[in-house]
Amino acid sequence: MSETPHIVSDVMTRTVVAVGRDALFKELVQTLGQWRVSAMPVLEGEGRVIGVVSEADLLPKEEFRDSDPDRFQHLRRLPDLAKAGALTAEEMMSSPAVTVHPDATLAEAARIMAVRGVKRLPVVDAESKLQGIVSRGDLLKVFLRSDLDIEEEVRRTVVSYLFPGDSGIHVRVDEGVVTLSGQLRDTALIPVAARLTRAVEGVVDVECHFRGVGRDEAVRAA
């Protein structure tokens with residue numbers, strides 16, 4: 001019915017800064033600083049992602065540089081203490097990497113980020129080979145769609161689908177907020193129209209202001 005939802009490959013960054021598993025600590029710091037990124041995939045072989053190393057993985061080396069943790073802290077912070085003594089990307093990376101496939105929807109990618117508490121996801125194929133990277137900012141790009149573009153898609157994929165015989169259905173989009181109005185023969189379709197419209201990429205919110213045929217009062221749904 002619709003060309004949406006968009007998928008990860010539509011918005012991901014294809015040129016990715018990555019390192020090998022044997023990259024040393026200082027190289028990791030220099031690469032992060034040079035490319036102004038806060039995390040990088042760690043690769044082996046022909047580009048297979050085996051982990052992700054981030055600034056958070058490197059910070060324990062500074063945090064514990066001149067400290068002597070007590071037994072309780074030692075047990076509680078054991079993973080961080082191990083990273084403080086690590087020298088290579090393989091020893092410091094978070095593994096296995098939290099990844100996503102190119103054909104995943106943006107909603108699926110957003111859920112993975114939220115559940116796993118990460119800010120970006122390496123994009124991998126079926127063999128775990130790196131294809132790109134997608135960030136929170138990339139997922140928000142759909143909200144840059146113009147109001148006209150959204151309006152045309154709502155007309156084409158929602159209005160013409162649900163109300164093929166109703167020429168009096170009006171669609172207006174302002175700053176991503178879609179307003180549907182007009183007279184309907186079947187007001188039971190209002191919640192369906194709202195749900196389908198909200199599923200269009202770039203829609204910020206939906207307001208429905210319909211009137212049932214032969215009724216004076218407005219029927220509203222959001």
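Two parts of the structure are said to be in contact when heavy atoms lie within 4.5 Å of each other. With that idea in hand, the predicted model can be explored from one of its helices outwards. The buried residues of helix H2 are covered by several elements, among them strands S1, S2 and S3, helix H3 (55-63) and helix H6 (89-92).

Which residues of H2 are buried? They are Leu 28, Thr 31 and Leu 32. These residues span an arc of only 95° around the axis, which places them on the same side of H2. The face turned away from this buried side carries Lys 26 and Gln 34, which are exposed. Just after the helix comes Arg 36, with a positive phi near 55°.

The three strands mentioned above belong together. They make up an open sheet, arranged in the order S1-S2-S3, with mixed pairing. Strand S1 (19-20) and strand S3 (48-54) are at the edges and have a single partner strand each, so one side of each is left without a neighbour in the sheet. Helix H2, covering residues 25-35, packs on this sheet and touches S1, S2 and S3. The direction of H2 makes an angle of about 130° with that of S2.

How many bridges join strand S2 to S3? Six bridges link S2 (residues 39-44) with S3, and the two strands run antiparallel. Individual partners can be picked out along this pairing: Leu 43 has Val 49 of S3 as its bridge partner, and Pro 41 stands opposite Val 52 in S3. S2 and S3 form a hairpin with three residues between the strands, where Gly 45 adopts a positive phi near 60°. Is S3 mostly covered or mostly open? Strand S3 is mostly covered, with six of its seven residues buried.

The strands also take part in another feature of the model, its largest pocket. This pocket holds about 370 Å³ of space. It is lined by 21 residues, and those closest to its centre are Ala 39, Val 52, Ser 54, Val 118 and Lys 119. Which elements each supply at least two residues of the lining? S2, S3, H3 and strand S4 (120-124) do so. Val 52 thus appears in two settings: this residue of S3 stands opposite Pro 41, and it is also one of the residues closest to the pocket centre. Helix H3 likewise has two roles, as part of the cover over the buried residues of H2 and as a contributor to the pocket lining.

Definitions and conventions:
Residues are numbered from 1 along each chain as its sequence is written. This is a predicted model: local features need pLDDT of at least 70, side-chain atom pairs count only at pLDDT 80 or more; totals for chains, interfaces and linings use all residues. Side-chain values use heavy atoms; hydrogens and water are left out. Two strands pair if DSSP finds at least two bridges between them. Helices (H or I, at least four residues) and strands (E, at least two) are DSSP runs, numbered from the N terminus. Axes are lines fitted to C-alpha atoms, for helices over the stretch in contact, and angles run from 0 to 180 degrees between N-to-C directions. Buried means under 20% relative accessible area, exposed over 50%, partly exposed in between (1.4 Å probe, protein chains only). The arc is that of the directions from the helix axis to the C-beta atoms. On a 1 Å grid over the protein atoms alone, a cavity is a set of points where a 1.4 Å probe fits but cannot get out, and a pocket is an open set with protein on both sides within 12 Å along at least five of seven lines; lining residues have an atom within 4 Å of a point. Grid points are joined across faces, edges and corners, and a volume is the space filled by probe spheres set on the points.
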